[in-house]
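Student: I have a model open and I'd like to learn how to read it. Can you walk me through a few features?

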Protein chains: 2
Amino acid sequence: MKESVRTLQKVKACPIEYVLAVNDTLNVISGKWKLPIIGTLLYEKKRFGEIQRNIGKITPRMLSKELKELEINGIIVRKVFDSVPVVVEYELTPSAQALGSVLDTMVAWGLQHREQVIKNNQESA
Amino acid sequence: MKESVRTLQKVKACPIEYVLAVNDTLNVISGKWKLPIIGTLLYEKKRFGEIQRNIGKITPRMLSKELKELEINGIIVRKVFDSVPVVVEYELTPSAQALGSVLDTMVAWGLQHREQVIKNNQESA
DNA sequence: CCGGATCCGACAGGATACTG
DNA sequence: CAGTATCCTGTCGGATCCGG
């Protein structure tokens, strides 16, 4: 677990498991590349190079590192085909696909919040 | 906007506003202290020192910085009372209180994901 | 084609001391 | 009480080159 999201405390009267659950979710969607990677795999499973081209500016080092983390966290599955040259496919787990609901609420809140901020600015003008 | 969450791309067939909305939400809840601060203010408005004691291990430097960011982002309101000594109160905006729905879905996903991971480990054992 | 190894800058976050 | 100022460390992420 990353240090930066470890210390969530006292969010409402939530039991400790809730706090851990929120941190688990945050660890899966925060950082610069996690969501782009998940996003590009939502359509279909892809190979290393495909992901890299799809995302655009990510270096192989970062892509490799992020894929490894996502695999450890049960977000993607890595399949190696022993051909020559070697082929590796990455695919989302069902759990990862269920992230859609989280993103939906985040979109909803983001849009609503933006509206609210604009309205407040107009009032104070 | 932080660099680390700027490059979200191609998440599903989402229009660009959805991507921005997700980033807005992420900017409000990621980092080590944002959620603890919001959490402690969910009960009631508090003063600087109260927040600091409530959270526990945060330094005044970090607390000040985070509160400033949260204010800029329309998450909290800062009220200064010109008494001696000076009193400053921090309070959540309605928008911030609406974050509960986001946290709820994150909790739900986190719990479900954990279950799924455990189940998969048992199967492969 | 799929990465690993190495080096490097930028920045989040901590420790401590000090002001209005 | 409510912060600032300064310094320091660790982690994130980029660049480049190398290997199976």
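Tutor: Sure, let's begin with a term: a polar contact is a pair of N or O atoms within 3.5 Å. Keep in mind that this is a predicted model.

Student: Okay, which atoms of B:Gly49 lie 3.1 Å from a phosphate oxygen of DNA strand D?

Tutor: Backbone ones: an N or O atom of the B:Gly49 main chain sits 3.1 Å from that phosphate oxygen. Side chains do this too. A:Trp33 places a polar side-chain atom 3.0 Å from a phosphate oxygen of DNA strand D, and for B:Tyr90 the distance from a side-chain N or O atom to a phosphate oxygen of the strand is 2.5 Å.

Student: Now the wider surface. Which residues come nearest to DNA strand D?

Tutor: For "near", the cut-off is a heavy atom within 4 Å. There are 20 residues around DNA strand D, and those that come nearest are A:Lys32, A:Arg61, B:Arg47, B:Arg78 and B:Tyr90. On the DNA side, sugar and phosphate make up 67% of the strand D atoms that come within 4 Å of the protein.

Student: What classes of residue make up the surface near DNA strand D?

Tutor: It has 8 charged, 8 nonpolar and 4 polar residues.

Student: And which element gives the largest share of that surface?

Tutor: That's α4(B), with 4 residues. Both chains take part: α4 (60-72) of chain A supplies at least two residues, and so does each of α3 (48-55), α4 (60-72) and β3 in chain B.

Student: Let's do sheets. What holds the strands of a sheet together?

Tutor: In general, strands of a sheet pair through backbone hydrogen bonds, in a parallel or an antiparallel way. In chain A you have an open sheet of 3 strands in the order β1-β3-β2, with antiparallel pairing. Its edge strands, β1 (46-47) and β2, each pair on one side only.

Student: How many bridges join β1(A) and β3(A)?

Tutor: They pair over 2 bridges, in the antiparallel sense. To find the place on screen, look for A:Lys46, which stands opposite A:Tyr90 in β3(A).

Student: One last thing, the backbone itself. Is the peptide bond from A:Val84 to A:Pro85 cis or trans?

Tutor: Look at omega: the bond from A:Val84 to A:Pro85 is cis, with omega near 0 degrees. A:Pro85 is in the loop between β2 (76-81) and β3 (87-92) of chain A.

Student: What about the bond from B:Val84 to B:Pro85?

Tutor: That one is cis, with omega near 0 degrees, and B:Pro85 is found in the loop between β2 (76-81) and β3 (87-92) of chain B.

How values were computed:
Residues numbered from 1 in each chain as written. Chains lettered and ligands numbered in written order. Predicted model: local features only at pLDDT ≥ 70, side-chain atom pairs only at ≥ 80, totals over all residues. Heavy atoms only, no water. Polar contact = N/O pair within 3.5 Å; in protein donor to acceptor, adjacent residues only side chain to side chain. Nonpolar A, V, L, I, M, F, W, Y, C, P; charged D, E, K, R; others polar. Pairing = 2+ DSSP bridges.
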